[in-house]
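Trainee: I have a structure open and some questions about its packing and charge pairs. Can we go through them?

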Amino acid sequence: MKRITFFLTVSLALCLSGEMAFAQHGHGAGGAMAGPGMHGDSGMHGDSGMHGNANTPGTANSNGAGPKSASSQLSGNQHLDTALTKALGNLVPPGGLETACQGYSNLGRCISAIHVAHNRKLDFFCLRRAMTGEALPSTDTTPCSATQTNLKLGPAIQTLDPNADPKVEATKGGKQANTDINSANHSQT
């Protein structure tokens with residue numbers, strides 16, 4: 001009887017410690033987009049996007065293989081591309097959203113960057129270069145001072161616009177991106 005009690009106690013302790021460790025590590029779309037509460041990229045506490053089902057931007061694709069890049073989300077969902085293009089209006093960079101979002105790991109980051117570039121009057125492709133390392137398009141003749149790449153949104157803003165408050169600007173862009181993405185998702189249903 002003592003052995004059974006001991007084994008049950010040890011088993012219970014192992015199960016509970018495993019659940020606690022599991023709960024301490026973030027789950028979802030590779031720590032990607034997290035909706036209005038936001039967790040992730042922007043150099044603040046978010047990268048604007050959403051957790052959700054396999055068809056939600058920034059989450060695992062339908063076969064569960066992990067998050068899809070921003071440009072693959074758009075190329076795989078023409079309705080989303082069209083709805084976001086409509087929501088963004090004249091903010092859409094030359095070449096369209098699919099081209100503009102190349103290099104971004106998720107859609108929220110790309111749409112946030114589009115808003116920040118517009119809000120701060122920054123060259124979007126220079127901001128994209130700072131964030132993703134993607135080359136500037138040959139048609140973009142604006143000088144780009146981004147020497148560092150693969151930065152989060154906040155540090156990228158600080159690099160290109162030292163007078164900006166990167167946390168405020170990243171938060172603002174993230175909220176605008178959430179609104180656009182949510183609006184685009186609702187228009188598809």
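Trainee: Is Glu169 buried or exposed?
Mentor: This is a predicted model. The relative accessible area of Glu169 is 10%. Buried means under 20%, so Glu169 counts as buried.

Trainee: Which residue forms a salt bridge with Glu169?
Mentor: Side chains of opposite charge can pair when their charged atoms come close. Here the closest N and O atoms are 3.6 Å apart. The pair links helix H5 to helix H8, 49 residues apart. The partner of Glu169 is Arg120.

Trainee: Which residues are linked with Arg120 in a network of salt bridges?
Mentor: The count comes to 2 salt bridges. Arg120 also pairs with Asp161, with the closest N and O atoms 2.7 Å apart. Asp161 lies in the loop between H7 and H8, so this pair ties together parts 41 residues apart in sequence. The residues linked with Arg120 are Asp161 and Glu169.

Trainee: Which element gives the most to the largest nonpolar core?
Mentor: That core has 37 residues. Elements that give two or more residues to it include H3, H5, H6 and H8. With 7 residues, the top contributor is H5.

Trainee: Which residues of H7 are in contact with Leu127, leaving aside neighbours within four places in sequence?
Mentor: The buried residues of H7 are Leu153, Gly154, Ala156, Ile157 and Leu160. They cover an arc of only 165° around the axis, which puts them on the same side of H7. Leu127 is among the residues with the most contacts inside the core. Its contacts include Leu153, Ala156, Ile157 and Leu160.

Key
Residues are numbered from 1 along each chain as its sequence is written. This is a predicted model: local features need pLDDT of at least 70, side-chain atom pairs count only at pLDDT 80 or more; totals for chains, interfaces and linings use all residues. Side-chain values use heavy atoms; hydrogens and water are left out. Buried means under 20% relative accessible area, exposed over 50%, partly exposed in between (1.4 Å probe, protein chains only). Helices (H or I, at least four residues) and strands (E, at least two) are DSSP runs, numbered from the N terminus. The arc is that of the directions from the helix axis to the C-beta atoms. A nonpolar core is a set of buried Ala, Val, Leu, Ile, Met, Phe, Trp, Tyr and Cys residues joined through side-chain atoms within 4.5 Å. Contact means heavy atoms within 4.5 Å. A salt bridge is a side-chain nitrogen of Lys or Arg within 4 Å of a carboxyl oxygen of Asp or Glu.
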